[in-house]
Every structure is written in C-alpha cells, then in structure tokens.
Amino acid sequence: MYNETVMARATIEQKLDLLGEQARYDVSAPGSRPAEAIGAHQSTDCTLTGLERCIYPAAAGGRCMPVLKVLMTNACRNNCAYCALSAGTDTPRAAFRPEELAHAFIEMERRGLVQGLFLSSAIPSDADDAQALIVDTAKILRRRYGYQGYMHLKILPGASDPAIEETVRLASRVSVNLEAPSADRLARIAPDKDFSRELLGTLQKAVRHAAAVGMPSGVTTQYVAGAAGETDAELLHTSFRLYRSLGLRRVYYSAFQPVAGTPLDGLPATPEIRERRLYQADYLVRQYGFTVDELVFSADGSLPLDRDPKLAWAAAHSEFFPLEVNTAGREELLRVPGFGPVAVGRILAARRQGRLTDSRQLSFFGVRLTKAAPFITIGGRRVAGSVGQLSLLADD
Ligand code: SF4
C-alpha cells in the first residue's frame, strides 16, 4: 500500500512541484522534457516554486506550445515495474482537489505562462473514481471559468464507457497509454494491467467517442521503449496497425529510464538515440510513403543507431540511385536522404517552370545537400560523392 499521508498538508506550489515533475513520464511531444517550453515563451514570470518543473512543450494542431502537465494524484494501487509511482515505491504521495487544480491552471493561463493543460493521474483505487476527478477538473475549467483552450486528458486503463465518453466531450485530445506493443510484453512490466480489455479496449472506445464528437486533436498513445525487451520492429508494427485500424493521431515512444526502488532499477536506460530513431522511422512511414517492412532492421529487430532510418534504407538500396531530380516522381524524391516533403513540393513546382540545372537551387528549396549529393543527379551530372561514400555524410 502506498504512503498517502506524507503530503496531506502540501501547498498548491508543493503539489505542482511534485505532481508536475512526476508527470514527465507522459509524453506531450517527441522528446519533451520539463521547462523546455519556458525559454521559447515570452513570459519569464515563473516565480512560484515548481513551475519550471510542470511546464512542458506540447505538440498539437501543427504547433508547439507550453502546457501545464500535471497529475491529479501520484498515489497508485498498481505495481508497474518501470514506474516511479507504483505502490511499492516510497515516493511522497499527494493529490489535487479539482477546484484547486483548476484554479491554479487558470491563474497560470491568465498570466501567460501556459497555453494548455495536460492532465493525467495515477489510480489510487477505482479507475472510474480517478477518471471522475480528471473530468471534474475539466468541467470546472470549461464551465465555471469558460476556458476554451487546449486540454489533453488522460483516459485511465479500465475506465468505463460512460467515463470515457464524458472525458472525450471535454477534451481537445485524449490518450490511453499502451506501454508495450503486445499482451506478452506488457505482462512483463505491468502485471496488474490487461492489455486487450483495459488498454486496447479503452483505446478503441476512446477513438469511437472521439470520432462521434469530432475531437480536434484526436487520440494518441505511448510506449515505454526498452522496458519489456521489445524490439523496434515490434513497436513500429503495432504502431502502424493502430494508425491504420484506429486512425490514431500520434504514437509516442518514451525511452525507459530505470527508477531506484522499482523491479527494473537494474535494467540499463534506453539510449535517447533509440527513441529518436523510432520517431524518425514513424515519421518516414506516416509522411514519406515507406512501409514498416521496408525499413532496415538488424537481425534482432533493432533500427540502426548510427544513422537515421532513411539513410540506412538508401545505403541498402544502391540500385535505386542516383535519381535525376528533373524526372523523378514525388514518391521517389521523398526517398532521397536530405529531401523532405516541403523541398520536394518546391522542386516539383520549379520543374513546371523549367529544368533544374544547379545544386544551389536545391539548397534554396530546402534540400540538405550534404546528405542528398551522393544520391542524385542534376541534368545528368553527379553533384558530389557517390552512393558508396556514405561515410562522408553527417548523420543528424
Ligand atoms: S498505473 Fe502503473 S504506470 Fe500508471 S501510475 Fe500506476 S504504477 Fe505508474
């Protein structure tokens, strides 16, 4: 049983400090870390203790904004092996009342510190009871304070269908954390959770309700990458089954970090570069026309860490290159390292005006020429290097 008395008299600032910092495990943007948003925002009025630890960047609607990311409570009945909040850890416990959290958020929003709320929670007892506190907080913001802005609300595993529906009606975005790509993998790290019924089933219900109300920012999920011994191939195959079957807006990958006092505290941390490679691979399939099966995996199902997945594919397909930029189609150009969708669009538009003759035109369109040069010709001439000279390419 968790210790629920330690912070019974905690101030709002102490709760924001603790429950904001511990909300870092819920991903609001690829690679999001606390307080990164503050520097990008005009206000520097962060004098309340803990604010720098509860403001995070969040990606939604094609932009990134600072949000208050916080837990209703960190008291949890469950024993997920990777989690700092599991019942077996001795972390101090605290909880917000909906009124105090709603008031704290609206004060921060009115001071210009944040532009949205990301609200999650641990599960002290019944999932619906915990979900009701999230809903009550959101209702106060929407109805009492008239707040119309961004709210990402977590849907907790095992929440009932009415609780999911009510959450969806109040939110701009909802998410359900799958944590692992399959029931077998989940059983290794979260013995209290049922993958099919509590996680996948809850995700499916959230998607159904979100579609019914036309939720603006859609439904997302996330994994703890590297906690359950899963491979990159497993993660990506599950992600794209979900993108296709449920129309998820995003899948997030959170690199596992061992937490002292948990059963996995001896497991090595997942390198951040693995998390980055997963996002790059996810992006290639969503935006560049690749399939998961085309990506280059090692025999153990890992993405290469020493180069990005597009460069790895290009290095493995010398028969595809060099491509002539004056004649190649959009799908072909998108496979060239250093070419992105915007640059390809500009190239195609420019070709309608005349032939491309100079590599400086490509740079002007946004092509990263140091990456692209070995893979293209312009007017039949190589730019520099060759497919065999990949070592010349800087990997970023
Ligand atoms: S349900 Fe699991 S992951 Fe969520 S807070 Fe509780 S122990 Fe942590």
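How many of the 396 residues of the protein count as buried, as a percentage? I got 55%. Note to self: this is a predicted model.

**Overall**

I counted secondary structure next, and the protein comes to 15 helices and 10 strands. Then I checked contacts with a separation of 6 or more: residues 24 or more positions apart account for 66% of them. For the surface I have about 16800 Å² exposed, with carbon and sulfur atoms supplying 50% of that.

**Ligand shell**

Which residues are around the ligand? I listed Cys 76, Asn 78, Cys 80, Tyr 82, Cys 83, Leu 85, Ser 86, Ala 122 and Lys 193. Sorted by class, the shell has six nonpolar residues, two polar and one charged.

**Tyr 82**

I picked Tyr 82 out of that shell for a longer look. Tyr 82 sits in the loop between strand E2 (63-71) and helix H4 (98-110). Buried or exposed, I wondered about Tyr 82? Tyr 82 counts as buried because its relative accessibility is 11%, and the cut-off for buried is under 20%.

Leaving out residues up to four places away in sequence, I found Tyr 82 touching Glu 179, Ile 189, Lys 193, Val 224, Ala 227, Phe 256, Val 259 and Leu 264. One of these, Lys 193, is also on my list around the ligand. Val 224 is 142 residues from Tyr 82 in sequence, yet their C-alpha atoms are 8.5 Å apart. With Glu 179 there is a polar contact, side chain to side chain, at 3.3 Å.

**Glu 179**

That contact sent me to Glu 179, which is in the loop between strand E5 (173-175) and helix H7 (183-189). Its relative accessible area is 7%, so I put Glu 179 down as buried. The backbone caught my eye: phi of Glu 179 is near 70 degrees, a positive value in a residue other than glycine. I flagged this because most residues other than glycine have a negative phi.

**Asp 282**

Next I went to helix H10 (residues 272-287), where Asp 282 lies. Asp 282 has 0% relative accessibility and so counts as buried. What does the side chain of Asp 282 make a polar contact with? I found the side chain of Tyr 243, at 3.1 Å. Tyr 243 is also in the contact list of Asp 282, along with Leu 236, Ser 239, Phe 240, Val 251 and Tyr 253, once neighbours within four places in sequence are set aside.

**The E8-E9-E10 sheet and Pro 322**

I traced an open sheet of three strands in the order E8-E9-E10, with mixed pairing. Strand E8 (323-324) and strand E10 (381-382) are the edges, each pairing on one side only. E8 and strand E9 (residues 376-378) run parallel, joined by two bridges. Glu 324 stands opposite Thr 377 in E9.

Walking back along the chain, I reached Pro 322, in the loop between helix H11 (309-315) and E8. The peptide bond joining Phe 321 and Pro 322 is cis, with omega about 0 degrees.

**Pro 337**

Last stop was Pro 337, in the loop between helix H12 (330-333) and helix H13 (341-351). Pro 337 is buried, with a relative accessible area of 1%. Leaving out residues up to four places away, Pro 337 touches Lys 310, Leu 311, Ala 314, Lys 371, Ala 372 and Phe 375. I also noted Leu 369: 32 residues from Pro 337 in sequence, and 8.9 Å away C-alpha to C-alpha.

Terms used:
Residues are numbered from 1 along each chain as its sequence is written. This is a predicted model: local features need pLDDT of at least 70, side-chain atom pairs count only at pLDDT 80 or more; totals for chains, interfaces and linings use all residues. Side-chain values use heavy atoms; hydrogens and water are left out. Helices (H or I, at least four residues) and strands (E, at least two) are DSSP runs, numbered from the N terminus. Buried means under 20% relative accessible area, exposed over 50%, partly exposed in between (1.4 Å probe, protein chains only). Contact means heavy atoms within 4.5 Å. Accessible areas come from the Shrake-Rupley method with a 1.4 Å probe; for residues, only the protein chains shown count as cover. A polar contact is a pair of N or O atoms within 3.5 Å; within protein, one must be able to donate a hydrogen and the other to accept it, and residues adjacent in sequence count only if both atoms are side-chain atoms. A residue is near a molecule or strand if one of its heavy atoms lies within 4 Å of it. Ala, Val, Leu, Ile, Met, Phe, Trp, Tyr, Cys and Pro count as nonpolar, Asp, Glu, Lys and Arg as charged, and the others, Gly among them, as polar. Two strands pair if DSSP finds at least two bridges between them.
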